[in-house]
Amino acid sequence: MATGRAIARILKSITGIAFLLLAALIGLPGNFFVIWSILWKMKPSHRSVTCLLVLNLAVADGVVLLLTPFFVLFLIFKNWLFGWAICKGVYYLCCINMFASIFIITLMSADRCLAVNQPYYSQAIRKKNLVVKILIGIWLGAILLSLPAFFFRQVLKEPTRGHFICEPCHSRKSLTIFHFTMETVVAFVIPFTIIVGCYSAILVRLKGVRKRKGAQTEKLIVAIVICFAVLWVPYHIINMIQVASNLTSGQMADRLGQAWKSGRAGATALAFLSSSINPVLYVFAAGNLIKTSGANFIAQFFEGASEGLGRRSQSQKNLDKELIPAVGPCMNLDQQ
């Protein structure tokens, strides 16, 4: 029995390490390419609203992936080697960028939904200065919402093996319940509800599109929603199991406690993949657009959901020409 548990722990560690390294190997170059494309390949005047959103998302995902070595070394040695200050700092940065990334994805979903369903109203309010203010609000909100990760994170010594671990330490059960319930509701339930609602509205609107374009867009939308759900659901299930373990007692609490402790590392490693998946989706969704537009395919990808929304009248087309000057591939829907 003891040997079986030891083998299971080793397999979980290997799986966690593999997920973390895969995320870093794919995500760091991919997100660096996105940042490089926008900051160095594009002229400042061509950095549209979409480019700002993509840039902030890539920064948030890239920062999380830069923290990978800390987690990999912990899984290898089963020992936190970096002290109290780095323990708090690493997890605080990770949590900030987790919140920021999810909120930016949600903002992108709302932006696409508005652009598809209310294109003229979208162009009237979709200004760089407004988006910059919203992004500042997102980062400030992420900083504040991540404070529990900073205050509760501690370096503890395991009584059995004498190793140090960096994990949340709550003085009361109520704080544990508050911390993980808040994280799951704010970082998953609310954003995922908004994302599903936005993309459902987009799919309803795109039913009138010609089949070829509509089918491609539908596949892309479904892929985004599925990736978000698959990569984050296990992490938040573990959160809820930990909450449940603090709401129960006796053998049930012990079983739930063992469940979340054994699943936390793997679920966290899987969530790390979400920081690497976005550049992959851009590449697969863009198709031949990469060959024709180069680095600008990133912005064109996010504008693609609102293209081909059925036939419009000549007066609508004339109004489009007045509202949307032809100033480059990244600017076709974004106003300065």
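Helices in this description are DSSP runs of at least four residues, numbered from the N terminus. The structure is a predicted model, and one of its helices, α9, spans residues 211–247 and contains His236. With a relative accessibility of 4%, His236 counts as buried, because buried means under 20% relative accessible area. When residues up to four places away in sequence are not counted, His236 touches Glu183, Thr184, Ala187 and Phe188.

Two of these partners, Glu183 and Ala187, also appear among the contacts of Phe99. Beyond its neighbours within four places in sequence, Phe99 is in contact with Ala142, Leu145, Ser146, Glu183, Val186 and Ala187. Phe99 belongs to the largest nonpolar core, which has 50 residues. Together with Ile38, Leu53, Met98, Leu135, Ile138 and Trp232, Phe99 is listed as having the most contacts inside this core. Two or more residues are given to this core by each of α1, α2 (49–66), α4 (83–117), α6 (128–145), α8 (173–205), α9, α10 (250–272) and α11 (274–286). The greatest contribution is that of α4, with 14 residues. A second core, separate from this one, consists of 20 residues, including Cys87, Tyr91, Cys94 and Leu231. In soluble globular proteins, nonpolar side chains tend to be buried together.

Helix α2 contains Val64, which counts as buried at a relative accessibility of 5%. Setting aside residues up to four places away in sequence, Val64 touches Cys94, Asn97, Met98, Phe272 and Ser275. Of these, Cys94 is included in the second core, whereas Met98 is among the residues with the most contacts inside the largest core. The C-alpha atoms of Val64 and Cys95 lie 8.5 Å apart in space, although the two residues are 31 residues apart in sequence.

In helix α3 (residues 68–77), the buried residues are Thr68, Phe71, Val72 and Leu75. Viewed down the axis of α3, these residues fall within an arc of 100° and therefore line one face of the helix. Just after α3, Lys78 adopts a positive phi of about 55°.

Nonpolar residues also occur at the surface. A nonpolar patch is formed there by Phe32, Phe33, Trp36, Leu39 and Trp40, whose accessible area together is about 540 Å². Within this group, Trp36 is found in helix α1 (residues 2–41). Trp36 has a relative accessible area of 34% and is thus partly exposed. Helix α1 is also one of the elements that give two or more residues to the largest core.

Notes: Residues are numbered from 1 along each chain as its sequence is written. This is a predicted model: local features need pLDDT of at least 70, side-chain atom pairs count only at pLDDT 80 or more; totals for chains, interfaces and linings use all residues. Side-chain values use heavy atoms; hydrogens and water are left out. Buried means under 20% relative accessible area, exposed over 50%, partly exposed in between (1.4 Å probe, protein chains only). Contact means heavy atoms within 4.5 Å. Patches are made of residues with over 30% relative accessible area and no salt bridge: like charges are joined within 9 Å, nonpolar side chains (Val, Leu, Ile, Met, Phe, Trp, Tyr) within 5 Å. Accessible areas come from the Shrake-Rupley method with a 1.4 Å probe; for residues, only the protein chains shown count as cover. A salt bridge is a side-chain nitrogen of Lys or Arg within 4 Å of a carboxyl oxygen of Asp or Glu. The arc is that of the directions from the helix axis to the C-beta atoms. A nonpolar core is a set of buried Ala, Val, Leu, Ile, Met, Phe, Trp, Tyr and Cys residues joined through side-chain atoms within 4.5 Å.
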